[in-house]
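Dear colleague,

Please find below the structure that I am handing over to you. My account of what was found in it follows directly after.

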Amino acid sequence: AAYYADLIANQHAALQGGEAGRAMQLLLPEQNNLRQAWQHLLEAKQFAQLDQMADGFGLFLHTGAYNLAGTQLFGEAARRLAQDNKQVALLSKLLGWQANFIFRQGFATQAGALFVRQRDIAQAADDVRQVALAELGLALVANRHSQAERVQRHANKAHVLFEQIQDEAGIIAALHQLGIVHHIRDEPIAAIGIYEQVVQTAKLLNRQPAALSSLINIGYILSNRGEYHEAALRLQQAERLLEQAAFSLEQGRLFYHLGRVTFFLGDFAKAQQYFEQSRAAHLRSGDRHGILSAQRWLGRVLGARGQLGDARRWLQQSLQMARQLELDTSMALGHQYLGLVEEWAGHFSEAATHYAESLTIMRALNRWQGDMLVSFDNLARVSVKAGRFSAAQGYLDEGMTVAQAVHDEQANLSLLVTAAMGLIQEKRPLLAQRLLKTVLADGRITAVVRQRAEQLVDELDQEADVEQVAFASLVEAIEVAKNLSA
């Protein structure tokens, strides 16, 4: 047991940095021996060696996504040590790892309670590093619940404490969470600035795992801004980093975001493959939040490919999981995507119900203006299709007011295209043409909105051609009639 305690402790630094792949290859054949050594040290109450082994063993399980095993091993150790008042520092460490493993399985609320216990015990023991790690964990939990103020409060506390003890890995992780604060608040430029800082710092310190997380988030933000090719480049950069380092911690999330970008670029078959890979990676790690996110997008992709029955099945499963995990944002997105499937099926009333439920949840959260704007656009579009022009006008007016307030020009352009769609339905083609021309001339238009606008222009041109043919036929008929009467 002492040998394996030394082995894992000696690989701890490598697991944190650019040598993670090499360290994992060394340790993977020994994982059963490592687990047995851990259990032996616990049974023998050799707490000094257990403490020596804890961080390296926790990071090995974390990096390999052995979340179920980590929950069991560290949970049992924490229960044993809770009965020993002399081992409070080690107990705090064990609780932190147990919380991380539980969090990775999608149980944010339960993880939060353990992080609070870790923090309280560490504060009593004056263990600055464990207090900082607990604050960082509480920032993760707040992020999962989309609570920007709490993320900022906990991440700031963690950042100050990590700087106090000069913990480089901790400083980078806290800074990453501060980038997430700007993301939640729909401040993409500020978020990207912090993520870029994390990427550069992580590379300088040879801590690639932190760089990978931030690269993925940059790709996510760029895709939300409609910059799909640039997003794909950043995610491919992250993919190369993953291959070089050979660690799987972020594999499921990377495949998920590659799937999103590929979908927006129009390759639905490839996108489906990425989401299936993402789901498989999250199933291996037991990450329920990751599983439901991948399933939700699988539903959207299958719907776009015309497989509406399968799409509903995946989306209803993901929505049920979101309710179980009490993830409001995931519930809102689940309703949004189910609305799309019903709209594609021509069930406009059912689509409107899902879109309205999504908007209600987003209003209650008072955040994610981008998704609120999507809901306004969806409700306006389906109202036009159902012939409810007054309702459509109301959603468009409110959506444009929000878009202008938050300076979201891409959303405003999308709403204008929906407005043009309504004008066409109301038999006002000239006004629709002028509006579409204005939208297409705007350099900020995204590929998806441009495609929608161009389709409407094509429809207007086809209708104009039909009218011209009809007029020509009428003229010809009049000439024939004149000749006959003559």
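I begin with E76, which is partly exposed because its relative accessibility is 28%. Please note that the model is a predicted one. E76 forms a salt bridge with R80, and the closest N and O atoms of the two are 2.9 Å apart. R80 is likewise partly exposed, at a relative accessible area of 32%. Both residues belong to helix 6 (residues 67-81), where a spacing of 4 residues places them about one helical turn apart. This fits a general rule: an α-helix has 3.6 residues a turn, so residues three or four places apart point the same way.

Overall architecture

The protein chain contains 25 helices and 0 strands. Along the principal axes, its C-alpha atoms fill a box of roughly 115 × 40 × 40 Å. The chain has 486 residues, of which 52% count as buried.

Further salt bridges

In total, the structure holds 20 salt bridges. As a general point, side chains of opposite charge can pair when their charged atoms come close.

A second pair to consider is E135 and R119, whose side chains meet in a salt bridge with an N to O distance of 3.7 Å. This pair links distant parts of the chain, since E135 lies in helix 9 (residues 128-144) and R119 in helix 8 (residues 108-124), 16 residues apart. Are these two residues buried or exposed? Both E135 and R119 are buried.

A third salt bridge brings together the side chains of R225 and E227, at 3.1 Å from N to O. R225 has a relative accessible area of 28% and is therefore partly exposed. E227 also counts as partly exposed, with a relative accessibility of 31%. Elsewhere, D51, D55, K93, R129 and D167 are joined into one network by salt bridges that share partners.

Helices 19 and 20

Two of the helices were compared with their expected lengths. Helix 19 (residues 328-344) has 17 residues, which at 1.5 Å a residue should span 24 Å; the C-alpha atoms at its ends are 25 Å apart, in agreement with that figure. Of those 17 residues, 15 are buried, so helix 19 is largely enclosed by the rest of the structure. Just after this helix comes G346, which takes a positive phi of about 85 degrees.

Helix 20 (residues 348-365) was treated in the same manner. Its 18 residues should span 26 Å at 1.5 Å a residue, and its end C-alpha atoms are indeed 26 Å apart. Which residues of helix 20 are buried? They are A351, A352, H354, Y355, S358, L359, I361 and M362.

Positive phi values in loops

As background, most residues other than glycine have a negative phi. Two residues depart from that pattern. D126, which is not a glycine, has a positive phi near 55 degrees. D126 is placed in the loop between helix 8 and helix 9. With a relative accessibility of 64%, D126 counts as exposed.

The second residue is K427, whose phi is positive at about 65 degrees although K427 is not a glycine. Where does K427 lie? Its place is in the loop between helix 23 (409-425) and helix 24 (429-441). K427 is exposed because its relative accessibility is 71%, the cut-off for that class being over 50%.

A charged surface patch

D458, E459, D461 and E463 form a negative surface patch. Within this group, E459 is located in helix 25 (residues 447-485). E459 has a relative accessibility of 39% and so counts as partly exposed.

A buried helix start

Finally, I draw your attention to A148, which lies in helix 10 (residues 148-165). Why does A148 count as buried? Its relative accessible area is 6%, and a residue is called buried when that value is under 20%. A148 and F263 are 115 residues apart along the chain, and their C-alpha atoms are separated by 28 Å.

With kind regards

Note on methods:
Residues numbered from 1 in each chain as written. Predicted model: local features only at pLDDT ≥ 70, side-chain atom pairs only at ≥ 80, totals over all residues. Heavy atoms only, no water. Patch = residues over 30% accessible without salt bridge, like charges linked within 9 Å, V, L, I, M, F, W, Y side chains within 5 Å. Areas by Shrake-Rupley, 256 points an atom, 1.4 Å probe, with all protein chains shown as cover. Salt bridge = Lys/Arg side-chain N within 4 Å of Asp/Glu carboxyl O. Lys, Arg positive; Asp, Glu negative; His and termini not counted. Charge placed at Lys NZ, Arg CZ, Asp CG, Glu CD. Buried < 20%, exposed > 50% of the residue type's maximum accessible area, 1.4 Å probe, protein only. Expected span 1.5 Å × (residues − 1).
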